[in-house]
Amino acid sequence: MPHFQRLSSVIPFAAIERPACPSCKAEMMLASIEPARAWGVYLHMFECAVCNQVLKTLAAYEDP
């Protein structure tokens, strides 16, 4: 998807902070990034490799 390629050139995936799992406190992995309701807002989905917990957060980015 071209829109996601553009996002990755603006915000490197390494710059996205990986949260601790709310259940087991292990570092979660970024599983997906999807456009959300408004322009410049994205849904980040993180998964825990230890206990399979899923965490969804909203993130806003500015177009440079």
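A nonpolar core is taken here as a set of buried Ala, Val, Leu, Ile, Met, Phe, Trp, Tyr and Cys residues that are joined through side-chain atoms within 4.5 Å. In this predicted model, the largest such core has 9 residues, namely I16, C21, M28, I33, Y42, F46, C48, A59 and Y61. In soluble globular proteins, nonpolar side chains tend to be buried together. Among the members of the core, M28 is in contact with C21, F46 and C48, which also belong to the core, and, leaving aside neighbours within four places in sequence, its contacts further include R18, P19, A20, P22, E47, Q53, V54 and L55.

The protein chain contains 1 helix and 3 strands, and these elements follow the pattern α-β-β-β when read along the sequence. The 3 strands form an open sheet in the order β1-β2-β3, with antiparallel pairing. Because β1 (29-35) and β3 (54-60) stand at the edges and each has a single partner strand, one side of each is left without a neighbour in the sheet. Neighbouring strands of this sheet are turned against each other by 25° on average, direction ignored. Between β2 (residues 41-47) and β3, which run antiparallel, there are 7 bridges, and one pairing places L43 opposite its bridge partner L58 in β3.

Over the protein chain as a whole, buried residues account for 20% of the 64 residues, while the exposed area is about 4600 Å², of which carbon and sulfur atoms supply 56%. Of the contacts with a separation of 6 or more, 32% are between residues 24 or more positions apart.

Notes. Residues are numbered from 1 along each chain as its sequence is written. This is a predicted model: local features need pLDDT of at least 70, side-chain atom pairs count only at pLDDT 80 or more; totals for chains, interfaces and linings use all residues. Side-chain values use heavy atoms; hydrogens and water are left out. Two strands pair if DSSP finds at least two bridges between them. Helices (H or I, at least four residues) and strands (E, at least two) are DSSP runs, numbered from the N terminus. Axes are lines fitted to C-alpha atoms, for helices over the stretch in contact, and angles run from 0 to 180 degrees between N-to-C directions. Buried means under 20% relative accessible area, exposed over 50%, partly exposed in between (1.4 Å probe, protein chains only). Contact means heavy atoms within 4.5 Å. Accessible areas come from the Shrake-Rupley method with a 1.4 Å probe; for residues, only the protein chains shown count as cover.
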